[in-house]
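Subject: Structure handover

Hello,

Please find the structure below, handed over for your files. My notes come after it.

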Protein chains: 2
Amino acid sequence: MTTLADKGNLVQRPPTMKEVAALANVSIKTVSRVINEEPGVSPELSERVLQAIRQLGYHHNTTASNLRRADQRTATIGLLLDDVANPFSSALHRAIEDVANQHDTLVFTGSSDFEADREERMALTLMSRRVDGLIVMPVSQSHIGLQQFKQLDRPIVFVDRPANLYDADSVLADNRVGASVAVRHMAAYGHRRIAFLGDLHTLWTAAERHLGYIEGLALTGLQLDPALVRHDLHSINLVEQATIELFTAPNPPSALFAGQNLITIGVIRALQRLGLQQQVALVGFDDFPLADLLMPRVSVVAQDPALLGKTAAERLFARLDGERSPGERIVIPTQLLIRGSGEITPSAFT
Amino acid sequence: MTTLADKGNLVQRPPTMKEVAALANVSIKTVSRVINEEPGVSPELSERVLQAIRQLGYHHNTTASNLRRADQRTATIGLLLDDVANPFSSALHRAIEDVANQHDTLVFTGSSDFEADREERMALTLMSRRVDGLIVMPVSQSHIGLQQFKQLDRPIVFVDRPANLYDADSVLADNRVGASVAVRHMAAYGHRRIAFLGDLHTLWTAAERHLGYIEGLALTGLQLDPALVRHDLHSINLVEQATIELFTAPNPPSALFAGQNLITIGVIRALQRLGLQQQVALVGFDDFPLADLLMPRVSVVAQDPALLGKTAAERLFARLDGERSPGERIVIPTQLLIRGSGEITPSAFT
DNA sequence: TGGTATTTTGACAACGTTGTCAGATGTTGA
DNA sequence: TCAACATCTGACAACGTTGTCAAAATACCA
């Protein structure tokens, strides 16, 4: 025969309102009133209840409370990120946590690892937990799980990348303009052969930055050379390899636009290996810690992940507070940070 | 008159088992059995139920289920970190998430910002949510909130820093040995004046690394000079200022031990400002991204946050599975990564 | 003093689910 | 054909809380 304890179950039940009520010699409802600070409890009873609460070490059971409450709220939201350990994601996370805290809401966070079915699974799990809303960096195109969530009329806010879901808010960085500015910046320093190194072309941000690159070239009257465009560089090895290939091929670029911070880092690694870091211009998309300590200091198009996160969270809570306007795209501007690597002139390179 | 919708409540209730049961023309209990894959439901009924579930878009309500279940589990754990956006914390977070996923458990994460009362508040909130267990980077010394949690016989595992709570597991890096190794390493390169720059002395890790520094000096027969020891450098400005002071004072150090990664970065910034980065030896505690791309490349004592997190999470789930042995201290070794900055000789400096 | 208005309190059902147990149905063997 | 048994199924209570509403206690007024 096995007992509960044998199975490793939590056998010691926390005290309940019932026990508090018994000790204070009042009804459960009175205890409930005291805890929820509802008016109309005499100071005398209230004190007796509080005393009993202290004595028993009672703690309110939020889940049971939420189950009964009429508004169907759980005071939790879900957050689906690429990877909680990625600096961009974790900066978002922090900003969202801060807003959620102000709304007495807890955050369930998960990493999708860019896998649509992980995203899907997480979304369904969170739906089972009845989270009040969702903030998502979307991976999948179909959003099957998310659609089901939407059907319950619960808000979803997309962040960093938009979704095909009609009528959902998205909070995005201005990827296209940012990329275009980066290209034009290097063109202004005299570069005519500017390469593009991008992430998985299926990612919306990668595609937008590529479009910005093309726009930037067009605006400065430069020719687009397909040999200078590399997509799908989703691992550091692929980045290094692509960079080296660019410089061993005939007619190499004199400037590089790196479409994402991990790509920027891979490029720097490769340039150091090639000994070219002082001769090739480089602007990366998305800032990263220590970019200003490298030699040369790395110029980047900076996003503002904290602002993206804060905006997304505020949007979500506005929806939860009843805001019913149609879904919007909110675009947060980017900023070119001039530090040195983007201002290297072509003359440095031969 | 205001309706529910006006108040922004989630008015559309998700379908319940009751509705599924009605549609499939069976009892609620049968629906429950199908969902929980309990044996003894005829294939025919089972199919009818599944059909109804699909038709209504039913999703199991985990919270209601957990409330009723006998084992008192919510399949959630709480995670209290310094700051989810800090790379060390977020690496821990990711490793813990992965283990939790394997146990079909969701993680509530919060940032304490090194404030004891934030930690306290978070702990109480998580207790209200009836999380099954807690993983904590502790801030406070008293652990009032955590103690109450422990009283419910729910496991807590401390990570990175131990707690005064008797009988709780801690998973720690070998701070003292790591620091000692760093000091001895630089001493072996001929340094006799090695400075210590540390974090808030109230933090256990900072204190341990300081002890390791002292031990390292003692083991190499070097004199401890209090003028070379700086504590409480909890902001980048304080670090830069302290570094500059060290080098403007008479008899400056020829080598630096930085007790934490943000401190290391501040030191590098200051050394660059002073133009001393190639002349002063530096070993930092805790690795950071790009340490190997700076010039000189930065030697560090690396911790393994992913392993710390994984170990802590596995410990927690072992407890939840009924493991009843006394609380343990598990120490994860550190590793000296030789990259260049720690191998600069005193001769470079005059 | 009696009657009404007001405040305070508690009994009970309900939230959505699962545990318990008894009843219904079907199967087997003599 | 009937008892004995195994298999399926459902009624009901329970988990810990809050919403509803009526009862009890108190205050107020003529």
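What follows is a summary of the contacts between the protein and the two DNA strands. Please keep in mind that this is a predicted model.

DNA strand C

There are 26 residues around DNA strand C, and those that come nearest are A:T30, A:R33, A:R68, B:S32 and B:Y58. Of the strand C atoms that come within 4 Å of the protein, 60% are accounted for by sugar and phosphate.

One contact to a base involves A:R33: an N or O atom in its side chain is 2.5 Å from a base nitrogen of DNA strand C. Two backbone contacts go to phosphate oxygens of this strand. In chain A, a backbone N or O atom of A:S42 lies 2.8 Å from a phosphate oxygen; in chain B, a backbone N or O atom of B:N61 is 3.3 Å from a phosphate oxygen.

As for secondary structure, α2 and α4 of chain A and α2 and α4 of chain B are the elements that give two or more residues to the surface near strand C. The largest share comes from α4(B), with 4 residues. By class, the surface near strand C consists of 9 nonpolar, 10 polar and 7 charged residues.

DNA strand D

Strand D also has a set of 26 residues around it, of which A:S32, A:Y58, B:T30, B:R33 and B:R68 come nearest. Sugar or phosphate makes up 61% of the strand D atoms within 4 Å of the protein, and the rest belong to bases.

Three contacts to phosphate oxygens of DNA strand D can be listed:

- A:Y58 has a polar side-chain atom 2.4 Å from a phosphate oxygen of strand D.
- A:H60 has a side-chain N or O atom 3.1 Å from a phosphate oxygen of strand D.
- B:S27 places a backbone N or O atom 3.2 Å from a phosphate oxygen of strand D.

The elements that give two or more residues to the surface near strand D are α2 (28-35) and α4 (62-68) in chain A, along with α2 (28-35) and α4 (62-68) in chain B. Here α4(A) gives the most, with 4 residues. The residues of this surface divide into 9 nonpolar, 10 polar and 7 charged.

When you open the file, A:R33 is a suitable place to begin for the base contact on strand C, and A:Y58 for a phosphate contact on strand D.

Regards

Definitions and conventions. Residues are numbered from 1 along each chain as its sequence is written. Chains are lettered from A and ligands numbered from 1 in the order in which they are written. This is a predicted model: local features need pLDDT of at least 70, side-chain atom pairs count only at pLDDT 80 or more; totals for chains, interfaces and linings use all residues. Side-chain values use heavy atoms; hydrogens and water are left out. A residue is near a molecule or strand if one of its heavy atoms lies within 4 Å of it. A polar contact is a pair of N or O atoms within 3.5 Å; within protein, one must be able to donate a hydrogen and the other to accept it, and residues adjacent in sequence count only if both atoms are side-chain atoms. Ala, Val, Leu, Ile, Met, Phe, Trp, Tyr, Cys and Pro count as nonpolar, Asp, Glu, Lys and Arg as charged, and the others, Gly among them, as polar.
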